[in-house]
Amino acid sequence: WPAHGPTVAMRISLLLELGRRVALHGAFGFAWFLDELIWGRVLQRVRIVAPLFEISAARSGSTQLSRYLEDDPHLCAPSVLQESFPLVWLWRLAPRLERLMPKGWPDKLAHALHPKELQERHEVNLLRTDTFEIVFLAFFQLGDIFISLGPRAWAEEFHYAFVQEASREVWEDDFLRFIDAIGRKALLVARPDPEGQPRRLLLKGHFLLVAPALAQRYPDARFLTMLRAPEKRMQSLINFLRCQTTLPPCPAAPWPWLVEYACTAEVAYCDTEMAWFQRAEGPRRCVVRFDDYLRDLEGTMREVYRQCLDRDLSAHVPRA
């Protein structure tokens, strides 16, 4: 019951949305089961070797960094559409289905789904990678509904510093299995790298709360973060969250909710991030500073390639 909480009309709208999702879960589960029937054994043989997890705080500049890495022919990063519809059989049909779509349909769909104010603050491209856990929470959990339920609900669902008891099963079970499944599917359909070898998986997001579990599951994984001055990042985050799409007639999140969330969950994230990336033991980690990234892109990306990919800078990466 937060201040400015859901009205009766909002509650009815959210309840109807819950009903719609329940009705669709059976169909989606059947579609997923088709993948298991057709490619189940093949997927089990796919190996996720030395994955790269770019885990940075929100509004740190991490998306542009992931786009440079995504373009590397040695890496494989699931796109927004692939994560939203994680079905190998559908991916196989996609080239034929695309012929039936109007020209420029990905951009038109992205613009229809997101307000103009959000697109001014974040590039929306359905055919490229994006914040992995946000797509997961919006499509397969109740992330977009929680936006209208107040800062306490946000803290339980979008608290990336550590696992909250209310959402423990989501993060420690559902999300980890989802990462493994999508990773295997993406690697299965990806073409080999220029040397004819399997590609390495790249995932970008803010899911710091499961970083220790990922390091345990994938001991050869590399972890990368982008650091930005907290006050700049939080100012950007509050404005960005204000632009998020909500379910009509739910209005944009009130400013007090945004401030409360940023000054609790995001401050805790900074503390956890410092502790995780400064640990003496554990997997290989690389820290990039936003100011260095702007001042010396080539030098910064060389360090990323050396620490995370054990290679020299790829020719496709811009030098400025």
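## Loops with unusual backbone geometry

Proline 249 lies in the loop that runs between helix H12 (230-242) and helix H13 (255-277). In this predicted model, the peptide bond that joins proline 248 and proline 249 is cis, with an omega of about 5 degrees.

A second loop, the one between H1 and S1, holds alanine 50. The phi of alanine 50 is near 45 degrees, which is a positive value in a residue other than glycine.

## The parallel sheet

The strands S2-S3-S1-S4-S5, in that order, form an open sheet of five strands, and the pairing is parallel. Strand S2 (75-76) and strand S5 (284-289) each have a single partner strand and stand at the edges, so one side of each is left without a neighbour in the sheet.

At the S2 edge, two bridges join S2 to strand S3 (residues 200-205), and these two strands run parallel. Within this pairing, cysteine 76 is placed opposite leucine 201 of S3.

## Helix H10 on the sheet

Helix H10 (residues 168-189) packs on the sheet, where it touches strand S1 (52-55) as well as S2 and S3, and the direction of H10 makes about 135 degrees with that of S3.

H10 consists of 22 residues and reaches 31 Å from its first C-alpha to its last, a span close to the 32 Å expected at 1.5 Å a residue. The helix nevertheless has a bend of about 30 degrees, located at aspartate 174.

## Packing of H1 against H4

Helix H1 (residues 8-45) packs with helix H4 (residues 88-98) at an angle of about 90 degrees, and the axes of the two helices are 8 Å apart. Because angles of 65 to 115 degrees count as roughly perpendicular, H1 is described as roughly perpendicular to H4.

On the H1 side the contact is made by Ala31, Leu34, Asp35 and Trp39, while H4 contributes Val88, Trp89 and Arg92. Sorted by class, the contact of H1 with H4 comprises five nonpolar residues and two charged residues, with no polar residues.

How values were computed
Residues numbered from 1 in each chain as written. Predicted model: local features only at pLDDT ≥ 70, side-chain atom pairs only at ≥ 80, totals over all residues. Heavy atoms only, no water. Pairing = 2+ DSSP bridges. Helix = DSSP H or I, 4+ residues; strand = E, 2+ residues; numbered from the N terminus. Contact = heavy atoms within 4.5 Å. Axes fitted to C-alpha atoms, helices over the stretch in contact; angles between N-to-C directions. Parallel < 35°, antiparallel > 145°, perpendicular 65-115°, else oblique. Nonpolar A, V, L, I, M, F, W, Y, C, P; charged D, E, K, R; others polar. Expected span 1.5 Å × (residues − 1). Bend = angle between axes of the 7 residues up to and from the residue.
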